[in-house]
Amino acid sequence: MKKFLALCLMGVMLFAMTGCGEEEKDVVQDDLIQYVETDLPAIKGDEATAVNRYNEVSAGIADMDRKTILSAFNDEIIPSYTTFYNNLMNLSVATEEVKALKETYVEGAKLQLEGMTALSKAIQDNDSEAAQAANEQIAQGKTKIEQHRSDITKLASEHNISIKTADSTQAEATTEAAE
């Protein structure tokens with residue numbers, strides 16, 4: 001009887017030890033890698049198009065007429081950024097940690113989109129106060145996007161993921177437009 005109990009106990013211990021040697025799959029790690037390496041790069045083209053054009057217009061705004069500026073905003077910048085924003089909203093993530101990252105990015109992108117739209121209207125109406133408010137909103141969006149980048153780096157570190165800081169999200173925030 002003692003031998004039987006000893007064998008049973010030894011069997012239970014071996015079974016328990018078998019599970020100890022296996023590492024649990026890190027679902028946050030997998031989700032973050034999917035988000036950073038696949039999901040975001042797939043939608044970044046529209047953001048890059050909008051931001052690059054926005055920055056071009058901002059840099060040359062003093063030499064451009066109102067019609068050209070408005071055309072750039074209404075025909076290029078805002079439509080491209082809207083497409084990016086909608087695609088960002090529709091990204092599907094699996095874990096709460098990556099959902100929090102995405103939400104920070106969504107908040108920043110929303111602020112920037114609303115700021116760009118408000119800036120276009122301010123330019124159309126020749127309203128410098130509204131332009132200033134729009135620039136502030138764009139700056140708030142940029143801050144959120146920078147927070148998103150920082151949060152990605154932190155979460156990656158927590159889950160043993162090595163990423164390049166410069167392209168942790170490849171997100172490019174806008175600069176403030178000149179009035």
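These legends walk you through several close-up views of a predicted model.

**View 1. The whole chain is built from five helices and zero strands.** Welcome to the fold: following the sequence from its start, you meet the pattern α-α-α-α-α. The chain has 179 residues, and 37% of them count as buried. Look also at how the chain meets itself: among contacts between residues at least 6 apart in sequence, 77% join residues at least 24 apart.

**View 2. Helices α2 and α3 cross at roughly 155 degrees.** Here the axes of the two helices come within 8 Å. The crossing angle is over 145 degrees, so α2 is roughly antiparallel to α3. The crossing of α2 past α3 is left-handed. If you would like to trace the contact yourself, the residues on the α2 side include L40, I43, K44, E47, A50, V51, Y54 and V57. On the α3 side, look for I69, A72, F73, E76, I77, S80, Y81, F84 and L88, among others.

**View 3. The rings of Y54 and F73 form an edge-to-face pair.** This is one of three aromatic pairs in the structure. A pair of aromatic rings is described by the distance of the centres and the angle of the planes. For Y54 and F73, the ring centres lie 5.9 Å apart and the planes stand at 85 degrees. An angle over 60 degrees counts as edge-to-face, so this pair earns that description. The pair links distant parts of the chain, with Y54 in helix α2 and F73 in helix α3, 19 residues apart. Helix α3 covers residues 66-89. Both Y54 and F73 are buried, and both take part in the contact between α2 and α3.

**View 4. Y81, F84 and Y105 gather into an aromatic cluster.** Ring pairs link these three residues. Two members of the cluster, Y81 and F84, may look familiar from View 2, where they belong to the α3 side of the contact with α2. Keep Y105 in mind too, as the next view returns to this residue.

**View 5. E47 and Y105 meet through their side chains.** E47 sits in helix α2, which spans residues 27-60. Is E47 buried or exposed? Its relative accessible area is 1%, and because that is under 20%, E47 counts as buried. The side chain of E47 makes a polar contact of 3.0 Å with the side chain of Y105. E47 also takes part in the contact between α2 and α3, while Y105 belongs to the ring cluster with Y81 and F84.

Terms used
Residues are numbered from 1 along each chain as its sequence is written. This is a predicted model: local features need pLDDT of at least 70, side-chain atom pairs count only at pLDDT 80 or more; totals for chains, interfaces and linings use all residues. Side-chain values use heavy atoms; hydrogens and water are left out. Helices (H or I, at least four residues) and strands (E, at least two) are DSSP runs, numbered from the N terminus. Buried means under 20% relative accessible area, exposed over 50%, partly exposed in between (1.4 Å probe, protein chains only). A polar contact is a pair of N or O atoms within 3.5 Å; within protein, one must be able to donate a hydrogen and the other to accept it, and residues adjacent in sequence count only if both atoms are side-chain atoms. Rings of Phe, Tyr and Trp (its six-membered ring) pair if their centres lie within 6.5 Å; planes under 30 degrees apart count as stacked, over 60 as edge-to-face and the rest as tilted. Axes are lines fitted to C-alpha atoms, for helices over the stretch in contact, and angles run from 0 to 180 degrees between N-to-C directions. Angles under 35 degrees count as roughly parallel, over 145 as roughly antiparallel, 65 to 115 as roughly perpendicular and the rest as oblique. A crossing is left-handed if the near helix is turned anticlockwise from the far one by less than a right angle, and right-handed if clockwise. Contact means heavy atoms within 4.5 Å.
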